[in-house]
Amino acid sequence: MGKFIPQLPEIFLRKYFEHGQTILDPFAGSGTTLVQANELGINSIGCDISAFNALLCKVKTDKYDIQIAKQEVQDILQKTKETIQPRVKQLSFFTKPTEVYTIPTHVTNEYLGNWYAPQAFSELMIYCNLIQSENYQYQNLLKIILTRAARSARLTTHFDLDFPKHPQKEPYWCYKHRRTCSPTQEALKFLKRYSTDTLRRIEDFMQIRTDASVSIYHQDSRKLNIDEIDGIITSPPYVGLIDYHEQHIYAYHLLDLEDKRIDEIGPAQNGSSKKAQKKYQEGISEVFRAVTKKLSSGSRIIVVAGDRHNLYDEIAQMSNLEIEDIVKRHVNRRTGRRATEFYESIFIWRKP
Ligand SMILES: C[S@@+](CC[C@H](N)C(=O)[O-])C[C@H]1O[C@@H](n2cnc3c(N)ncnc32)[C@H](O)[C@@H]1O
């Protein structure tokens with residue numbers, strides 16, 4: 001939830017923008033707009049308050065020497081395996097971790113100890129230490145492989161990977177597989193899986209990547225200071241639906257990422273009361289007022305939003321933007337155990 005399908009920005013990029021222009025996504029998320037813009041030769045700027053999302057955008061849009069990337073991904077995996085065996089295999093909840101490997105100095109919290117089985121924890125720590133110590137060229141790429149593996153290696157049920165509330169330490173009845181499943185004990189198989197998968201994805205993108213520029217900022221978009229742009233395509237957070245930092249909390253702990261949750265607009269923890277909706281409208285319109293300063297008159301602002309509370313006409317007004325069109329799109333998808341069906345609106349606004 002929250003990530004839009006690549007066809008959406010693609011359609012609007014093709015319709016309103018052209019090769020050589022520059023667009024902005026002030027709520028860049030996992031970077032879908034930036035990837036699509038680059039494919040079309042359109043320069044892009046992305047901004048996100050979540051350090052994890054900013055890192056993901058960077059890794060997805062960077063330029064790679066594929067041979068070096070492959071070699072580094074294989075090298076760290078090999079070194080991780082060599083370090084694991086034979087020392088870590090017999091780890092139990094009672095082994096003191098420091099007898100087997102060092103824990104990076106920033107990992108001082110209880111989160112990781114609580115959400116990973118001892119073997120999985122040690123495998124992730126070994127990989128994490130190697131990223132720091134081996135002087136790899138593509139450290140960010142390795143960090144993303146580590147966090148993707150860490151997401152899957154948490155002590156969760158198979159059907160609640162998105163928002164697990166408590167660590168699952170015992171076997172459980174699995175709705176997804178219709179049998180009794182056990183929480184995973186290891187991380188290595190996920191490190192292998194995401195090494196292959198992440199490499200394949202960047203290799204695919206390198207085939208179509210253009211030289212259009214991509215710049216990524218990790219900050220509150222209300223304070224974003226940029227040069228001239230030709231338009232905006234974005235999908236803002238929905239009111240009271242997701243806590244974006246919390247969603248990838250394992251990555252913040254593993255990589256010691258900077259936490260700016262205090263500046264998230266419309267977080268789930270604030271709910272969707274009338275008061276929260278008002279605050280949300282103020283936050284979103286403050287972003288649009290700040291970033292449209294650099295737009296020339298007549299430029300388009302395309303906003304994809306699930307506007308269940310009808311907040312966006314007022315947001316357009318508060319942002320001093322004209323409404324050109326509104327397109328409604330029916331969305332039906334399955335995530336985990338929840339089937340979701342709703343309407344999403346695409347607002348086409350113009351700077352007067
Ligand atoms: C709906 S998601 C964007 C999804 C994106 N279109 C994609 O396809 O991945 C909204 C994003 O807004 C970000 N966000 C929330 N408050 C923000 C703020 N004040 N400044 C910048 N980004 C913010 C969240 O971290 C989240 O990544």
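A: Buried means under 20% relative accessible area. In this predicted model, F12 falls in that class, with a relative accessible area of 8%.

Q: Is Y16 buried or exposed?
A: Y16 counts as buried, at 19% relative accessibility.

Q: How is a pair of aromatic rings described?
A: The description takes the distance of the centres and the angle of the planes. Here, the ring centres of F12 and Y16 are 6.4 Å apart and the planes stand at 10°. Centres within 6.5 Å make a pair, and planes under 30 degrees apart make it stacked, so F12 and Y16 are a stacked pair.

Q: How are F12 and Y16 placed in helix 1?
A: Helix 1 spans residues 7–16, and F12 and Y16 are four residues apart in it, so about one helical turn separates them.

Q: What are the centre distance and plane angle for Y111 and W115?
A: The centres of Y111 and W115 lie 5.8 Å apart with 20° between the planes, and this aromatic pair is stacked. Both residues belong to helix 5 (residues 111–115), where a spacing of four residues puts about one helical turn between them. Y111 is buried at 16% relative accessibility, and W115 is buried at 9%.

Q: How many aromatic pairs does the structure hold, and which residues do ring pairs link into a cluster?
A: The structure holds ten aromatic pairs. Ring pairs join Y280, F288, Y312, F347 and W349 into a cluster.

Q: How many disulfides are there, and why do C174 and C181 form no bond?
A: A disulfide needs two cysteine sulfur atoms within 2.5 Å. By this rule the count is zero. For the sulfur of C174, the closest cysteine sulfur is that of C181, at 3.9 Å, which is too far for a bond. Seen from C181, the closest cysteine sulfur is in C174, at 3.9 Å. C174 is buried at 0% relative accessibility, as is C181 at 2%.

Q: What domains is the protein divided into, and how many residues does each give to the contact?
A: The division is into domain 1 (7–62 + 222–305 + 313–350) and domain 2 (66–206). Domain 1 gives 24 residues to the contact and domain 2 gives 24 residues.

Q: How is the interface of domain 1 and domain 2 read in terms of buried area and salt bridges?
A: Between them, domain 1 and domain 2 bury about 2100 Å², with 72% of that on carbon and sulfur atoms. The rule finds zero salt bridges across this interface.

Definitions and conventions
Residues are numbered from 1 along each chain as its sequence is written. This is a predicted model: local features need pLDDT of at least 70, side-chain atom pairs count only at pLDDT 80 or more; totals for chains, interfaces and linings use all residues. Side-chain values use heavy atoms; hydrogens and water are left out. Rings of Phe, Tyr and Trp (its six-membered ring) pair if their centres lie within 6.5 Å; planes under 30 degrees apart count as stacked, over 60 as edge-to-face and the rest as tilted. Helices (H or I, at least four residues) and strands (E, at least two) are DSSP runs, numbered from the N terminus. Buried means under 20% relative accessible area, exposed over 50%, partly exposed in between (1.4 Å probe, protein chains only). Domain bounds come from an automatic or database domain assignment. Contact means heavy atoms within 4.5 Å. Buried area is the accessible area (1.4 Å probe) that two parts lose on being put together, summed over both. A salt bridge is a side-chain nitrogen of Lys or Arg within 4 Å of a carboxyl oxygen of Asp or Glu.
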